[in-house]
Amino acid sequence: MFAREHIEYKALNLPDRMDMPDDEMLSEALAFYDKMKRRHTVRDYSDRPVSRAVIEECIRAAGTAPSGANHQPWHFVAISNPEMKRRIREEAEEEERKFYDGGAGDEWLKALEPIGTNDQKPHLEDAPWLIVIFAQRWGHFDDGVRFKNYYVPESTGIATGFLLTALHHAGLVSLTHTPNPMKFLNKLLDRPDHEKPIMIVAVGHPSEDAKVPKVAKMKKPLDEIMTVAE
């Protein structure tokens, strides 16, 4: 993507400028909150398919996220192949068994009790798509020479947030899953060693009897997550 001989600053007039009156700004902010508060993490998926085109556009939206030095240090692997999903589930459940058999520690396991999770992860096969997110420690110029990426966790985290928002906006549900360690994903998905897998996102439509933990609806009020200095 990057050419060493073309690394220089060039300015553009701000494209896609938005200029809303104040009341419209507030209306848009309230409408967005109303939509996002209806996003739920779902573990129960129907067999309704999701087109590749929808997944591609959601990932394209994630790729618009800001990043350190605009290096865009991420890679998304979208998987619908049933055999590949089965292998990912098997590997993930092996790590999860270690986690729930004492690797996590009593305090962490106690914190997870209201969520109702265990070492069984059928959603990794049931969901029509899995998206595995990789963070890239470095990139390459178009001639193959390596360069360092900056603010990799922060940049990839922002892109992941964009992805989850895009999936919800498209009418889909998702589940973020982080088995630890996740190095098995590099081998399964043929990704290079300089890419670190940070998350598996299950994507699809909720089953008719889908449930969510009651505690998941408990969100901190604004006065607990915001301080204003003016």
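Read along the sequence, this chain runs through the pattern α-α-β-α-α-α-β-β-β-α-β-α-β-α. The model is predicted, and local features are reported only where pLDDT is at least 70, side-chain atom pairs count only at pLDDT 80 or more, and totals for chains, interfaces and linings use all residues. Residues are numbered from 1 along each chain as its sequence is written, and side-chain values use heavy atoms, with hydrogens and water left out.

**Exercise 1. Describe the chain as a whole, from its secondary structure to its surface.**

Step 1. The secondary structure comes to 8 helices and 6 strands, where helices (H or I, at least four residues) and strands (E, at least two) are DSSP runs numbered from the N terminus.

Step 2. Taken along the principal axes, the C-alpha atoms fill a box of roughly 55 × 50 × 40 Å.

Step 3. Of the 230 residues of the chain, 36% count as buried; buried means under 20% relative accessible area, exposed over 50%, and partly exposed in between, with a 1.4 Å probe and protein chains only.

Step 4. Among the contacts (heavy atoms within 4.5 Å) with a separation of 6 or more, 79% come from residues 24 or more positions apart.

Step 5. The chain exposes about 15300 Å², of which carbon and sulfur atoms supply 53%; accessible areas come from the Shrake-Rupley method with a 1.4 Å probe, and for residues only the protein chains shown count as cover.

**Exercise 2. Work out how charge is placed, over the chain and in helix H1.**

Step 1. The chain carries 31 positive and 38 negative charges, and their mean positions are 3 Å apart. In this count Lys and Arg are positive and Asp and Glu negative, while His and the chain ends are not counted; the place of a charge is taken as NZ of Lys, CZ of Arg, CG of Asp or CD of Glu.

Step 2. On the surface, Asp22, Asp23, Glu24 and Glu28 gather in a patch of negative charge. Patches are made of residues with over 30% relative accessible area and no salt bridge, like charges being joined within 9 Å and nonpolar side chains (Val, Leu, Ile, Met, Phe, Trp, Tyr) within 5 Å.

Step 3. Asp22 from this patch lies in helix H1, which covers residues 22-36, and Asp22 is exposed, with a relative accessible area of 63%.

Step 4. Helix H1 is also the place of Met25, a residue that is partly exposed at 43% relative accessible area. The C-alpha atoms of Met25 and Ala166 are separated by 20 Å, and the two residues stand 141 residues apart along the chain.

**Exercise 3. Trace the salt bridges of Asp34 and of Arg89, and say where the partners lie.**

Step 1. A search of the whole structure finds 12 salt bridges, a salt bridge being a side-chain nitrogen of Lys or Arg within 4 Å of a carboxyl oxygen of Asp or Glu.

Step 2. Asp34 and Lys37 meet through their side chains in a salt bridge of 3.7 Å, N to O, and Arg38 forms another with Asp34, the closest N and O atoms being 3.6 Å apart. Asp34, Lys37 and Arg38 are thereby linked in a network of salt bridges.

Step 3. Within this network, Asp34 is partly exposed at 34% relative accessible area and Lys37 is partly exposed at 41%, whereas Arg38 counts as exposed at 51%.

Step 4. Arg89 forms a salt bridge with Glu125, and here the closest N and O atoms are 2.9 Å apart. Because Arg89 lies in helix H3 (residues 82-103) and Glu125 in helix H5 (residues 123-126), the pair ties together parts that are 36 residues apart in sequence.

Step 5. Arg89 is buried, with a relative accessible area of 18%, while Glu125 is partly exposed at 30%.

**Exercise 4. Locate the backbone features in the loops that hold Asn70, Tyr151 and Pro181.**

Step 1. Asn70 has a phi near 55°, a positive value in a residue other than glycine. Asn70 is found in the loop between helix H2 (52-62) and strand S1 (74-79), where Asn70 is partly exposed at 41% relative accessible area.

Step 2. Tyr151, likewise a residue other than glycine, has a positive phi, near 50°. Tyr151 lies in the loop between strand S4 (146-148) and helix H6 (152-169) and is exposed, with a relative accessible area of 59%.

Step 3. The peptide bond from Asn180 to Pro181 is cis, with omega near 5°, and Pro181 lies in the loop between strand S5 (173-177) and helix H7 (184-189).
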